[in-house]
Amino acid sequence: MVDVMSIADGVNTVWVLIVSFLIFFMQPGFALLEAGQVRAKNAGNVVMKNMMDWSLGVLVYFVVGAGLASVAAMLTSGQALDVGAAFAYISSPGNWVGWLFGAVFAMTAATIVSGAVAERIKFSAYVFMAIAMTAIIYPVVQGFAWSGGLLAGSGFLGQLIGTGYQDFAGATVVHMLGGVAGLVAAYMVGPRRGRFDENGNPRPIPGHSVVFAVVGTFILAFGWYGFNVGTQASVLTANVDAETLAFNGAALGRVALNTTLAMGIGAVGSTIVTTMQEGKPDPLFAANGLLAGLVAITGACVHVTWWGALAIGLIGGVQTPIVYRWVVNNLKIDDVCGVFAVHGSAGAIGTILIPVFAVAGFSATQLAMQIAGVLVIAVWTIVTTYVALSIAKGVWGLRVDEDEEELGLDRGEHGIEAYPEFVDEGVVTDGGVRTDGGEEVEE
């Protein structure tokens, strides 16, 4: 007799492992994307932050975060609190693959913050923020939305409104959370020196490598298939009575198609806006528009039609340069990599629009639930990020001093130079300033 259930379980488990590895590969994508958008004197600091939020984050999420997600779900869904059951995964080999899948999502939320506060945050303060993200801030939202808690159909808010919150692969649970946390962090740390003139008008501080940023974007887009398609965790479904296996190709195909369409039109939409505004297409905004299209569709990819995916991706891309400039020009917040426009607002908009373009048709009740869920996640993130960074400020301080910022965080925080031969040879290293014999010369 063929054990179809064992076959299905084996294939599905290997699938989850593979997509977890794909999502992990987004980490070097983030590192390149962020490093390319900062000056050369801070590139080493950016990649160090990316290594540490991953390395410390997985440890913290294993010891604390994953269990706290279950505790948050229990406390907000009416279940009896069972701390032992919540942390049982630590000693249960059968749960370790599932833990890894959860961990790579948690790490993505944590690393988004890095791009917003680049070039001036203290390394110690950033490490503390990464720990807070993976221990408390993200896990509680995971519990609220995905583990049966507050926002789920069985949770308090889900029961009140009469439907469960829909965010298939984390447009808000992961990306909006990271984008909002990044915005709060950038506000609290303050802008880089020279980012605004004496009248408060923004002045550009160009990064050192558009190529790095665009290559990082493509790596992220590749890993995103693990993020979205991988969340469709069942490749095979077993029918034990009939001893048959069914391939879930239609569900996988919808997610893959919608993800691809949204990323493509997101880049196109952002490029059209920047071309209309500036007269020329901007490659960085094209890259950010592509990512915003991906973020916007992440929560919706399994729920909406293909033309709905095009609409959501287009809106995500179009809003990217508009929201980014609003953050800089109106809020006077120096969000270096535009993480709020790419991850924050794009994630919120795409998730709210799910019932507008849903395969099952429009539902006003579902729309109310989507808006309520976005607000809950946003408020939780704002409050907890402020608290975490206030603690860091009291213990270490949030930002480096002016001399270290001018010197560069590579040397000031780590005692290294990412491009030592550039400095030695007197080439341009930090956006318009050349170093000649140790003295700065304006270009």
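The following exchange asks what lies behind the labels given to residues, salt bridges, pockets and a surface patch in this predicted model.

User: Why is Ala169 called buried or exposed, and where does Ala169 sit?

Analyst: Ala169 has a relative accessibility of 0%, and since buried means under 20%, Ala169 counts as buried. Its place is in the loop between α7 (156–161) and α8 (171–189). The C-alpha atom of Ala169 is separated by 9.5 Å from that of Val295, although the two residues are 126 apart along the chain.

User: What makes Arg39 and Glu119 a salt bridge?

Analyst: The side chains of Arg39 and Glu119 meet with an N to O distance of 3.0 Å, and because a salt bridge asks for a side-chain nitrogen of Lys or Arg within 4 Å of a carboxyl oxygen of Asp or Glu, the pair qualifies as a salt bridge. Arg39 is buried, and so is Glu119. The structure holds 8 salt bridges.

User: Why is the pair of Arg39 and Glu119 said to tie together parts of the chain?

Analyst: Arg39 lies in the loop between α2 (26–36) and α3, whereas Glu119 lies in the loop between α5 and α6, so the salt bridge ties together parts that are 80 residues apart in sequence.

User: How do you know that Glu405 and Arg399 form a salt bridge, and which label, buried or partly exposed, does each partner get?

Analyst: The closest N and O atoms of Glu405 and Arg399 are 2.8 Å apart, which satisfies the 4 Å cut-off, and therefore the contact counts as a salt bridge. Glu405, at 4% relative accessibility, counts as buried, because the limit for that label is under 20%. Arg399 has a relative accessible area of 25% and is therefore partly exposed, the range for that label lying between buried, under 20%, and exposed, over 50%.

User: What makes Arg411 and Glu417 a salt bridge, and why are both called partly exposed?

Analyst: Their side chains meet at 3.3 Å, N to O, and because the cut-off is 4 Å, the contact is a salt bridge. Arg411 has 42% relative accessibility and Glu417 has 28%, so each falls in the range between under 20% and over 50% that is called partly exposed. Elsewhere, salt bridges that share partners join Arg39, Glu119, Arg192, Arg195 and Asp334 into one network.

User: What makes Ile382 part of a nonpolar surface patch?

Analyst: Ile382 is partly exposed, with a relative accessible area of 41%, and because a patch residue needs over 30%, Ile382 meets that condition. Ile382 lies in helix α14 (residues 364–395). The patch, of about 740 Å², is made by Val379, Ile382, Val383, Tyr386, Val387, Ile391, Val395 and Trp396.

User: What lines the largest pocket?

Analyst: About 590 Å³ of space lies in the largest pocket, which is lined by 27 residues, with Arg195, Pro204, Leu284, Phe285 and Tyr324 nearest its centre. By class, its lining has 13 nonpolar, 8 polar and 6 charged residues. The largest share, 5 residues, comes from α12.

User: How do you know which class of residue is absent from the lining of the second largest pocket?

Analyst: The lining of the second largest pocket has 15 nonpolar, 7 polar and no charged residues, and because Asp, Glu, Lys and Arg count as charged, none of these four residue types is found in that lining. About 460 Å³ of space lies in the second largest pocket, and of the 22 residues that line it, the closest to its centre are Gly98, Trp99, Phe101, Gly102 and Gln142.

Note on methods
Residues are numbered from 1 along each chain as its sequence is written. This is a predicted model: local features need pLDDT of at least 70, side-chain atom pairs count only at pLDDT 80 or more; totals for chains, interfaces and linings use all residues. Side-chain values use heavy atoms; hydrogens and water are left out. Patches are made of residues with over 30% relative accessible area and no salt bridge: like charges are joined within 9 Å, nonpolar side chains (Val, Leu, Ile, Met, Phe, Trp, Tyr) within 5 Å. Accessible areas come from the Shrake-Rupley method with a 1.4 Å probe; for residues, only the protein chains shown count as cover. Helices (H or I, at least four residues) and strands (E, at least two) are DSSP runs, numbered from the N terminus. Buried means under 20% relative accessible area, exposed over 50%, partly exposed in between (1.4 Å probe, protein chains only). On a 1 Å grid over the protein atoms alone, a cavity is a set of points where a 1.4 Å probe fits but cannot get out, and a pocket is an open set with protein on both sides within 12 Å along at least five of seven lines; lining residues have an atom within 4 Å of a point. Grid points are joined across faces, edges and corners, and a volume is the space filled by probe spheres set on the points.
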